[in-house]
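User: I'm new to this one. Could you walk me through how some of its labels are earned?

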Amino acid sequence: MIEQTHTTTTTPTTTTNNNNDDGKPTKPLQWKVELGPDAFQSGPLLEFGGPEAVEEFEALRGASKGLVQGAVAIPAMAMRAGKASLLPLLRYLPALMELIQLGPELTQGTFAPFMDGPLFVVKNKWLRDWLDALAFSLSGLPASRTAAGAMAYVLYDMHREGAALDYPKGGMGSVIAALVKGVEQGSKNSQVHLRRHVERLDTTPDGSRFTGLTLRGGKRVKARDGIIFNAPIWTLPQMVHNENAKRALNKGILPPQPQQQPSSPPPPQSWTIPTDPNQRPFLSKKRPKSPDESSTTVSTAQGSLLQQCDTTEMTGSFLHLHLALDTKGLDLDGMEAHYTVMDRGLGGSPDDPEDGPCGELNMIAVSNPCVLDRTLAPEGYMVVHAYCAGNEPYDLWQNLKRNSPEYKQLKEERAAVLWRAVESIIPDVRERVVLDLTGSPLTHERFLRRPRGTYGAATEDYLPDGSTPFKSLVLCGDSIFPGIGVPAVALSGASAANTMVNPLQQWKCLDALKRKGLL
């Protein structure tokens with residue numbers, strides 16, 4: 001177990017930078033996002049949205065509560081992929097029936113029916129902007145394109161009795177350490193290997209079964225039962241070399257080899273770069289299509305797994321600013337652990353109809369974990385991480401070479417908004433800097449091996465589960481329902497692991513967890 005700090009008094013602060021008509025900044029609007037019943041409604045929602053916003057918000061929560069009631073009753077360890085997926089769910093039959101009655105369009109679809117009808121329509125401008133901001137932090141997309149289940153759950157979880165923020169002592173490294181411990185515990189001698197780049201997924205000669213991995217350098221790792229594949233979904237077609245296996249994953253059709261086709265366009269992108277350099281890049285309000293999706297080769301294999309991999313929409317990338325600061329004279333106890341800064345205001349620039357809470361580099365998260373855990377930095381110092389998650393378009397960077405003067409200049413220019421966000425909290429931050437590191441989409445792509453530095457797949461393109469035509473290959477990760485984020489990916493990982501054992505073993509595991517009080 002990870003020891004956690006639960007807090008209701010230390011809550012995120014949202015800062016909106018506003019300007020007068022003459023362009024001069026006014027005093028920023030600030031509010032605490034208090035958790036628990038009625039705190040949000042009687043606070044910022046009433047103040048900025050008005051009574052009609054409060055009424056709409058409560059009605060929205062009521063309209064979407066059916067998505068929550070079934071989901072909270074079913075634990076992640078009851079999930080599995082494939083034809084036997086319903087068997088362990090029979091333990092939770094009433095909740096299962098509630099979800100079945102809602103239908104897959106709601107349980108696995110987007111929140112659009114609750115934003116724009118037919119189930120509900122959010123009319124209040126401030127509330128719509130707030131919901132879009134909330135959704136963007138979950139998925140890198142506006143509320144109408146974020147998973148309905150995720151939105152409904154957050155609207156429930158943030159405003160329930162006893163709601164709190166969880167923070168792992170020791171930082172996110174503690175979460176990683178706990179996951180590694182989960183893999184390596186027991187008597188099976190399981191291990192987590194780092195810096196082992198996988199070149200391909202190995203199969204039997206006839207392509208009927210996946211048998212292991214080949215690493216860079218030629219070393220092979222054999223799989224007894226199969227492979228759980230959690231690499232980005234866009235990389236799967238390149239990692240399967242056996243032609244028969246490719247056909248099986250592509251509805252019987254061998255996809256063109258890379259050398260047999262011209263350079264393919266990238267998958268659909270959430271962000272559009274205008275030809276006018278004076279216009280901001282903007283986020284697509286509807287799922288874009290790629291040229292590949294209308295090609296003859298793809299259309300004959302419509303719905304195949306490899307076709308879905310190639311045409312899955314990529315959300316935007318990241319911009320990071322990591323800081324080590326001298327805390328001399330700074331009251332750390334008077335600060336918050338997390339801030340969200342809206343650089344151009346919650347609604348974006350009033351002069352740009354495409355702008356908003358999800359606009360390019362508008363929403364900046366500033367994580368200040370030393371407020372909760374002083375062990376993360378030496379005495380007298382603190383660490384701060386400011387970042388834009390999903391609102392930095394990769395296309396601005398794709399033709400640059402790392403360490404070139406042009407690259408360094410662009411990093412400095414694009415990171416200005418991150419510095420501005422931190423300065424709204426610590427005005428003299430530049431004088432306190434001991435170390436500063438800026439990470440670009442190219443950094444994200446290189447170190448995390450994320451194609452085009454993407455945040456993850458768009459909601460509309462999530463695979464419904466991790467099953468494939470092979471029992472020996474199961475998928476998980478942020479392109480598999482329920483999608484992006486550590487909790488969501490952990491759920492798809494648990495589902496994939498359960499799929500590798502028979503349903504009876506999974507049932508017994510659920511019994512054991514229940515006896516221990518863990519379910």
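Analyst: Sure, here come a few labels and the reasoning behind them. Keep in mind that this is a predicted model.

User: Why is Cys309 called buried?

Analyst: Its relative accessible area is 1%. Buried means under 20%, so Cys309 fits the label.

User: And what makes Cys476 buried or exposed?

Analyst: Cys476 has a relative accessible area of 10%. That is under the 20% cut-off, so Cys476 counts as buried.

User: How many disulfides does the structure hold?

Analyst: Zero. For a disulfide, a pair of cysteine sulfur atoms has to lie within 2.5 Å, and the structure has no disulfide by that test.

User: Why is Leu93 called partly exposed?

Analyst: Leu93 comes out at 40% relative accessible area. Buried is under 20% and exposed is over 50%, so 40% puts Leu93 in between. Leu93 sits in helix 3.

User: Which residues make the nonpolar surface patch?

Analyst: Leu87, Leu90, Leu93, Met97, Ile100, Leu504 and Trp507 make up this patch of about 630 Å². Helix 3 (93-102) and helix 18 (503-515) supply at least two residues each, with the largest share, three residues, coming from helix 3.

User: What makes a space inside count as a cavity?

Analyst: A 1.4 Å probe fits there but cannot get out. Three cavities of 30 Å³ or more turn up here; the largest has a volume of about 80 Å³. Among the residues lining that largest cavity are Trp271, Met314, Tyr394 and Arg452.

Definitions and conventions. Residues are numbered from 1 along each chain as its sequence is written. This is a predicted model: local features need pLDDT of at least 70, side-chain atom pairs count only at pLDDT 80 or more; totals for chains, interfaces and linings use all residues. Side-chain values use heavy atoms; hydrogens and water are left out. Buried means under 20% relative accessible area, exposed over 50%, partly exposed in between (1.4 Å probe, protein chains only). Patches are made of residues with over 30% relative accessible area and no salt bridge: like charges are joined within 9 Å, nonpolar side chains (Val, Leu, Ile, Met, Phe, Trp, Tyr) within 5 Å. Accessible areas come from the Shrake-Rupley method with a 1.4 Å probe; for residues, only the protein chains shown count as cover. A salt bridge is a side-chain nitrogen of Lys or Arg within 4 Å of a carboxyl oxygen of Asp or Glu. Helices (H or I, at least four residues) and strands (E, at least two) are DSSP runs, numbered from the N terminus. On a 1 Å grid over the protein atoms alone, a cavity is a set of points where a 1.4 Å probe fits but cannot get out, and a pocket is an open set with protein on both sides within 12 Å along at least five of seven lines; lining residues have an atom within 4 Å of a point. Grid points are joined across faces, edges and corners, and a volume is the space filled by probe spheres set on the points.
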